[in-house]
Amino acid sequence: MKKIRVLTMLASSIFILSALGCSSATTNTAATKDEPLTMIASEDFPSYSSIGDLSERANTIVRGSVIQTRVEALNDMVQAPVVNESALDEQTNTGGEDIVPFDKIYTIYTIKVAESFKGTHAAGDTIEVKQLGGQLGNTEIINDDNIKFIPTKDYVLFLETYEDTPASLLNSVQSLYVIKPAAKSTQPGEQQSKSDVIVSANPENDLKLSIDELQEIQSEDQNK
């Protein structure tokens, strides 16, 4: 088995993938019909110390829900700064594996915007958000870092958008929140919760988000 090590520099993250199975190295993710190819992906994203830092880095913050999902192969490599190639090779290819660029498989969610807190989108717009991972034919990328979107849930997303590829969450831990409707009282005379509750979609996230913070972000963006 030949191991493929892939290092792709993006605006927000570094992806490292290892290929499993019997397929030989190719310049794209497509495996032949007789040679299934599975890639295990890990992601290294920047982390943020506060909601303020997270919102400042995001160029789009919206509330919305999933209305459509598809899987697609994308080449989302961006132009990286010039580096010392020999030094880079020593750092990233110490095991003697091949470093190859190729299209990667993404799951792409179409989000219908219910409310915009930052950016150019408005209620009723749609925005596409991609997550590394999915299956096309006999080729599959598995990424356990992702939190899968559920169509019935209402989300707040902190995004980085691009001109020619779907948007991405700033990271897989801190950038996705679920809005839970205000709890209704089941007892006569009990007061109903006054507002919706926002919880992180990822239990590892230690940044708490509130409705008040979202409204403050929205107000600051409108006053620019």
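Arginine 63 is buried in this predicted model, because its relative accessibility of 18% falls below the 20% limit for that class. Its side chain meets that of aspartate 154 in a salt bridge, with 2.6 Å from N to O. Since arginine 63 belongs to strand S4 (residues 60-74) and aspartate 154 to strand S10 (residues 154-160), this pair ties together parts of the chain that lie 91 residues apart in sequence. A salt bridge also joins the side chains of arginine 63 and aspartate 196, here at 3.6 Å from N to O. Aspartate 196 sits in the loop between strand S12 (176-180) and strand S13 (197-200), so its pairing with arginine 63 in strand S4 ties together parts that are 133 residues apart in sequence. With a relative accessible area of 26%, aspartate 196 is partly exposed.

Strand S4 also carries arginine 70, whose side chain forms a salt bridge with that of glutamate 128 at 2.7 Å from N to O. This pair links distant parts of the chain, with arginine 70 in strand S4 and glutamate 128 in strand S7 (residues 126-132), 58 residues apart. Arginine 70 is partly exposed at a relative accessible area of 30%, and glutamate 128 is likewise partly exposed, with a relative accessible area of 30%. Through salt bridges that share partners, Arg63, Asp154 and Asp196 are joined into one network. The count of salt bridges in the model comes to five, and the table lists three pairs among them.

| Salt bridge | N to O distance | Separation in sequence |
|---|---|---|
| Arginine 63 and aspartate 154 | 2.6 Å | 91 residues |
| Arginine 63 and aspartate 196 | 3.6 Å | 133 residues |
| Arginine 70 and glutamate 128 | 2.7 Å | 58 residues |

The aromatic side chains are considered next. The structure holds three aromatic pairs. In one of them, tyrosine 109 and phenylalanine 149, the ring centres are 4.5 Å apart and the planes stand at 50°, so the pair is classed as tilted. The partners come from distant parts of the chain, 40 residues apart, with tyrosine 109 in strand S6 and phenylalanine 149 in the loop between strand S9 (139-143) and S10. Tyrosine 109 and phenylalanine 149 are buried. An edge-to-face pair is formed by phenylalanine 158 and tyrosine 177, whose rings are 6.0 Å apart centre to centre with 65° between the planes. Phenylalanine 158 lies in strand S10 and tyrosine 177 in strand S12, and this pair links distant parts of the chain that are 19 residues apart. Phenylalanine 158 and tyrosine 177 are both buried. One aromatic cluster is made up of Tyr109, Phe149 and Tyr155.

Strand S6 (residues 104-118) also contains serine 116. Serine 116 is buried, because its relative accessible area of 15% is under the 20% limit. A polar atom of the serine 116 side chain lies 3.0 Å from the backbone oxygen of histidine 121. Leaving aside residues up to four places away in sequence, serine 116 touches Ile61, Val62, His121, Ala122 and Gln218.

For the protein chain as a whole, the model contains three helices and 13 strands. Of the 224 residues in the protein chain, 40% are buried, and the surface that the chain exposes comes to about 12,700 Å², of which carbon and sulfur atoms supply 49%. Among contacts in the chain with a separation of 6 or more, 68% are between residues that are 24 or more positions apart.

The predictor's confidence varies along the chain, where pLDDT averages 79 and 68% of the residues score at least 70. Over residues 21-29 the pLDDT is below 50, and the model gives this stretch 20 contacts beyond near neighbours in sequence. Residues 78-101 also have pLDDT under 50 throughout, and for this stretch the model has 27 contacts beyond four places in sequence.

Note on methods
Residues numbered from 1 in each chain as written. Predicted model: local features only at pLDDT ≥ 70, side-chain atom pairs only at ≥ 80, totals over all residues. Heavy atoms only, no water. Helix = DSSP H or I, 4+ residues; strand = E, 2+ residues; numbered from the N terminus. Buried < 20%, exposed > 50% of the residue type's maximum accessible area, 1.4 Å probe, protein only. Contact = heavy atoms within 4.5 Å. Areas by Shrake-Rupley, 256 points an atom, 1.4 Å probe, with all protein chains shown as cover. pLDDT = per-residue confidence, 0-100. Polar contact = N/O pair within 3.5 Å; in protein donor to acceptor, adjacent residues only side chain to side chain. Salt bridge = Lys/Arg side-chain N within 4 Å of Asp/Glu carboxyl O. Phe/Tyr/Trp six-rings, centres within 6.5 Å; stacked < 30°, edge-to-face > 60°.
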